Amino acid sequence: MTPAEIQAAAGRIRGRVLRTPVRYSGWLSEASGGEVFLKLETLQPTFSYKIRGATNAVLRLAAESPGTSIVTASAGNHGRAMAHAARAAGIPLVVYAPEDAPRTKLDAIRALGAELHCCRDFDDAERQAKAHAGRHNATFVSPYAHPNVIAGAGTTGLEILEDLPDVDVIVVSVGGGGLISGVAIATEGRTETAGVEVAASTPFTTSLAAGRITQIEVGQTLADGVSGNLDPETPTFDIVRERVRRIAVIPEDELISAMREAAHHERLIVEGAAAVALAGIATRKLDLEGRKVAVVVSGANIDLDKWAKLVA
């Protein structure tokens, strides 16, 4: 994948997704010793950055494979975004998702007209979605490994560079690696891209240490959107290994603290996956002293009763 493909994706999705604002954060700037700005993907129509990759993937499939049906696996946000894009394009969609995904995500997928199947966990959802694609001659669109999804996610980085051309570091939460891969390619040579994983799910930290994609035991975490193993065939491992110099790991209690602080200082609802990147900055797990930093606030899809209890 090249920066040119991400530029093409930006043109393709323009007018269909929101060009989200970048806002200065006094809280994170003081906590980190840097100058930190928030890229507010929580404002997207589906309340997460996933709409970028989903829209790009659906538009390309509609143009190149008319009449196709699509199946995907998702922890929730990608499925919601794919349902939004597929409905707009008039393409049938089947989504496999964990049964314990937040209700707000599952309800939105159903409301947008997709066929939803609930599975034991994300890894099981990914296996079942691939099997469904094989049985029904459907196109499987991975939430992080599909090139069109990666290219769409990378448009986030392009917008950050347009608004903050002198940014030193872009920080993102890391799950399957689609967002960090797209941003790293889009901004290559112009800024650093750094990642943050949650301790309950560290597929990249573990795999990079081993020098190959390695299966991990996934623990319980509020960061459901970045929880799960890597597809053995994902291109994101090599992209991250070649282009990302550092990935920090934060424990669950620091994730929860970041959710509270984002509500208190920024008046933002952020889901667990989005709080991972914020926590990496707030706790100085990443050394950002004196640097100009943009952090992608990736999503706001958390059940409100749970969020209210956490931030109370």
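## An aromatic pair

At 11% relative accessibility, Phe37 counts as buried, since the cut-off for that label is under 20%. This is a predicted model, so every value here is computed from predicted atoms. Tyr24 comes out as partly exposed, with a relative accessibility of 44%.

These two residues belong together: the count of aromatic pairs comes to one. The ring centres of Tyr24 and Phe37 are 5.6 Å apart and the planes sit at 70°, so the pair is edge-to-face. Tyr24 is in strand β1 (residues 22-24) and Phe37 is in strand β2 (residues 35-40), 13 residues apart, and the pair links distant parts of the chain.

## The six-stranded sheet

Strands β1 and β2 are also partners in a sheet. They pair in the antiparallel sense over three bridges. Within that pairing, Arg23 has Leu38 of β2 as its bridge partner.

Zoom out and you find an open sheet of six strands, in the order β1-β2-β10-β7-β8-β9, with mixed pairing. At its edges stand β1 and β9 (247-250); each has a single partner strand, so one side of each has no neighbour in the sheet. On average, neighbouring strands of this sheet are turned by 25° against each other, direction ignored. Helix α9 packs on the sheet too, touching β8 (192-198) and β9, and its direction makes about 130° with that of β9.

## The four-stranded sheet

There's another open sheet to look for, this one with four strands in the order β5-β4-β3-β6 and parallel pairing. Here β5 and β6 (139-140) take the edges, and each has a single partner strand, so one side of each is left without a neighbour in the sheet. Helix α4 packs on this sheet, where it touches β3 and β4, and its direction makes about 170° with that of β4. Helix α5 packs on the sheet as well, touching β4 and β5, with its direction at about 150° to that of β5.

Strand β4 (residues 93-98) is a good place to linger: six of its six residues are buried, so the strand is mostly covered. On one hand, it runs parallel to strand β3 (residues 70-73), joined by four bridges. Val71 has Val94 of β4 as its bridge partner, and Thr72 has Val95. On the other hand, β4 pairs with strand β5 (residues 115-119), again in the parallel sense, over five bridges. In that pairing, Pro98 stands opposite Cys119 of β5.

## Following the chain through β4

Now trace the path of the chain. Strand β3, helix α4 (residues 77-89) and β4 make up a right-handed β-α-β unit. From β4 the chain then crosses through helix α5 (residues 103-111) to β5, and this β-α-β crossover is right-handed.

## Asn229, a buried loop residue

Finally, take a look at Asn229, in the loop between α9 (203-210) and α10 (236-243). Is Asn229 buried or exposed? Its relative accessible area is 6%, so Asn229 is buried, the cut-off being under 20%.

What does the side chain of Asn229 do there? It makes a polar contact of 3.0 Å with the side chain of Asp123. A polar atom of the Asn229 side chain also lies 2.7 Å from the backbone nitrogen of Ile216. Neighbours within four places in sequence aside, the contacts of Asn229 include Phe122, Glu126, Tyr144, Thr214, Gln215 and Val218.

Technical notes:
Residues are numbered from 1 along each chain as its sequence is written. This is a predicted model: local features need pLDDT of at least 70, side-chain atom pairs count only at pLDDT 80 or more; totals for chains, interfaces and linings use all residues. Side-chain values use heavy atoms; hydrogens and water are left out. Helices (H or I, at least four residues) and strands (E, at least two) are DSSP runs, numbered from the N terminus. Buried means under 20% relative accessible area, exposed over 50%, partly exposed in between (1.4 Å probe, protein chains only). A polar contact is a pair of N or O atoms within 3.5 Å; within protein, one must be able to donate a hydrogen and the other to accept it, and residues adjacent in sequence count only if both atoms are side-chain atoms. Contact means heavy atoms within 4.5 Å. Two strands pair if DSSP finds at least two bridges between them. A crossover is right-handed if, with the strands pointing away from the viewer, the path from the first strand over the helix to the second runs clockwise. Axes are lines fitted to C-alpha atoms, for helices over the stretch in contact, and angles run from 0 to 180 degrees between N-to-C directions. Rings of Phe, Tyr and Trp (its six-membered ring) pair if their centres lie within 6.5 Å; planes under 30 degrees apart count as stacked, over 60 as edge-to-face and the rest as tilted.
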